[in-house]
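Colleague: I'd like a close look at one residue, please, and then a walk outwards from that spot. Start with how crowded its surroundings are, and keep it in plain bench language.

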Amino acid sequence: MAQTLYDKLWENHVVHQEPDGTALLYIDRHLVHEVTSPQAFEGLKMAGRKPWRISSIVATADHNTPTDHWDEGIKDPVSRQQVETLDANIKSVGALAYFPFRDPRQGIVHVVGPENGATLPGMTVVCGDSHTSTHGAFACLAHGIGTSEVEHVLATQCLLQKKSKTMLIAVDGKLGKGVTAKDVALAIIGVIGTAGGTGYAIEFAGSAIRGLSMEGRMTLCNMAIEGGARMGFVAVDDTTINYLKGRPFSPTGEIWDKAVAYWRTLHSDAGAHFDRTITLRAEDIRPQVTWGTSPEMVVAIDGLVPDPAKESDPVRREGIERALQYMGLSPNTPMQKIAIDKVFIGSCTNSRIEDLRQAAVVLKGRHIAANVKLALAVPGSGLVKRQAEAEGLDKIFIAAGFEWREPGCSMCLAMNADRLEPGERCASTSNRNFEGRQGSGGRTHLLSPAMAAAAAVAGRFADVREVL
Amino acid sequence: MEKFVRLDGLVAPLDRNNVDTDAIIPKQFLKSIKRSGFGPNAFDEWRYMDVGQPGQDCTGRPKNPNFVLNQPRYQGAEILLTRANFGCGSSREHAPWALLDFGFKAILAESFADIFFNNCFKNGVLPIVLPAGEIEALFRQIETTPGYKLVVDLPAQAVVRPDGHGIPFVIDAFRKECLLNGWDDIGLTLRHADKIKAFEEKRRVEQPWLFAQ
């Protein structure tokens, strides 16, 4: 019978199945960071249990780490304690790899895993972080878990799971100039809504998806969770295999050949059944910007802030009104008339080399507008940072008035010192525009790196297609 | 984990779609390395007029009188009634920890985000999906009935209103069993340790690239 990619990945990991369909799934890769792991390590210790397979663990500190003045360490004592707790836990337990604060390969866990070849096709990848869906770009069954499950994976190398429904999102055609994976992701969420993918595993397919680089596919799969789906993935092709060749933890020699032969089978068979199918035309997707406090509150850059009076559902109407009040916006305002205070280019969604290149193309020879108080460029990892510097991108960012920072999660969730002040409006390449996400009272608008760069230069949201 | 069998509790309404985990427990409180003590900071940005800091004593902080959970009639509530896509956003288990520490043992909603839904079961919190029409009716009843209580009967898989109207709900048999008995997942899984070992050994031979040292 024709199988979906999800069926294949699932079947390959079932250790045991309960009568009600709950399965014990084997976990190949366990990514660990400082925020969601301390209670799990403590639970393990209290129960007198040992980690099942240390070589499955790849760990890094990313959420709390500062992005400047690394020589001064972590000033916030509460953040420092959390990072030091991870240091101590990994020291006592062990790991395949640990990239601690200030390590040359430290960075955002979802950037670090793939770039080191620690994320390989066909793996189950979990992490106490919802953006673990990122790794689906490599045809992995990858999703976020809570801390109890982090402990469960540490202790048993397995997770209790029920099979999800399947959704195929096909984007065919050619993306227009200035339209990136982020715009595709936001456009999809605009169509299905933030709960549209709840209960589903999404496979992204179609010629526009196949045309994306691995960086672009990671951006897309990263945002699957913002569409409600714990996981999103893309089938293996030459782009996947070429990306993985020669990475530190990628196989070599005969084992590489054997792996590639298996990886080539990781696609949905022709005629496979999906519970739901959504089709988009690549040519219809324009650069996107969110206007509200949920990623589904999104419009194209040539659009207007919506008018709640036009919404018939009372709960939704109230939701729009509340969002507009929080965001300080009036109905029917053209998006391009909205001025910004800060710009953030970074996060596990958009901090990879391609993202920085796309922003740099816009920023080259230009400068941020006078009303932009702060523009941050935060590479996703030490490796991304050095690659960007080797290409001279840092000089472009700095000449344009950006601050060129050290890697980390930074202002995506503002657990470190990088944050918005109340009322400040930010053009952000991150993934969530929830109330208070980037700082209490802060106003977040999600967009692509190229669009963030265009907004930085204009001092308001601008159509990147007009400056490319 | 505490057992969950039957709950007869006061209900508090949170009339919003898409309540995200950043709202349930803001990021600054995630710096804690403990599992407990998040209750005073549940819904921190909506609940207080000032910006909360980790480790702060919350008793003297100015409360937002407009936030529903601050109203006297909902003090001591154990059941939260809300709308669609509750618990969307991050995987932080601090969200169910905060709700439980606040006092909520059951949450009734039109729908939940997957990771949050799953995290609830690991902590003895019962998330219940009910049809939109039933949710709407409950919101209307609460509004007009001070001290509105519901009975959540897990063995019978029903939410029972004061007027005797029972609303059935669905739950996986395995999860129900775990809640009723307060079972620890890890202990259950380790009963299959031999199977896991055998699976792993086979995998190591067939897909050696997954076992880089």
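Modeller: Let's take F211(B), which is partly exposed, because 16 other C-beta atoms lie within 10 Å of its own. The scale behind that word calls a residue buried with 20 or more other C-beta atoms within 10 Å of its own, exposed with 12 or fewer, and partly exposed in between, with C-beta atoms placed from the backbone. Bear in mind that this is a predicted model, where local features need pLDDT of at least 70 and side-chain atom pairs count only at pLDDT 80 or more, while totals for chains, interfaces and linings use all residues. As for labels, residues are numbered from 1 along each chain as its sequence is written, and chains are lettered from A and ligands numbered from 1 in the order in which they are written.

F211(B) sits in the segment after α8 (193-206) of chain B. Helices (H or I, at least four residues) and strands (E, at least two) are DSSP runs, numbered from the N terminus. If you set aside neighbours within four places in sequence, F211(B) has contacts with S55(A) and R204(B); a contact here has C-beta atoms, placed from the backbone, within 7 Å. Measure from F211(B) to E200(B) on your screen and you should get 9.8 Å, C-alpha to C-alpha, for a pair 11 residues apart in sequence.

One of those partners carries a chain A label, which brings us to the interface. There, 62 residues of chain A are in contact with 52 residues of chain B. On the chain A side, the elements that give two or more residues include β1 (14-17), β2 (23-26), α2 (38-46), α3 (77-93) and α5 (147-156). The biggest contribution comes from α5(A), with 7 residues. By type, that side of chain A divides into 24 nonpolar, 27 polar and 11 charged residues. In this count Ala, Val, Leu, Ile, Met, Phe, Trp, Tyr, Cys and Pro are nonpolar, Asp, Glu, Lys and Arg are charged, and the others, Gly among them, are polar. The predictor gives the complex an ipTM of 0.96 and a pTM of 0.97.

Back in chain B, which carries F211(B), there are 8 helices and 7 strands. The C-alpha trace of chain B spans about 65 × 45 × 25 Å along its principal axes. Of its 213 residues, 44% count as buried. Take the contacts in chain B between residues at least 6 apart in sequence: 67% of them join residues at least 24 apart. Chain B averages a pLDDT (the predictor's confidence in each residue, from 0 to 100) of 96, and 100% of the residues score at least 70.

Another spot in chain B is N85(B), in the loop between β2 (79-82) and α3 (94-102) of that chain. N85(B) counts as buried because it has 26 C-beta neighbours inside 10 Å. Its phi is near 60°, a positive value in a residue other than glycine. Most residues other than glycine have a negative phi. Over in chain A, H69(A) also has a positive phi, near 50°. H69(A) lies in the loop between β4 (57-60) and α3 of chain A, and counts as exposed, since just 11 other C-beta atoms are within 10 Å.

Now the partner chain as a whole. Chain A has 15 helices and 19 strands, and 61% of its 468 residues count as buried. Its C-alpha trace spans about 55 × 55 × 45 Å along the principal axes. Chain A has a radius of gyration of 21 Å, which agrees with the value near 23 Å for a compact globule of 468 residues; the radius is taken over C-alpha atoms, and the globule rule is 2.2 Å times the number of residues to the power 0.38.

One sheet in chain A is worth tracing: an open one of 5 strands in the order β17-β16-β15-β18-β19, with parallel pairing. β17 (403-404) and β19 (443-446) of chain A are at the edges with a single partner strand each, so one side of each has no neighbour in the sheet. Strands pair here if DSSP finds at least two bridges between them, and 2 bridges join β16 (residues 374-377) of chain A to β17(A). Along that pairing, A377(A) stands opposite W404(A) in β17(A).

Notes: Contact = placed C-beta atoms within 7 Å.
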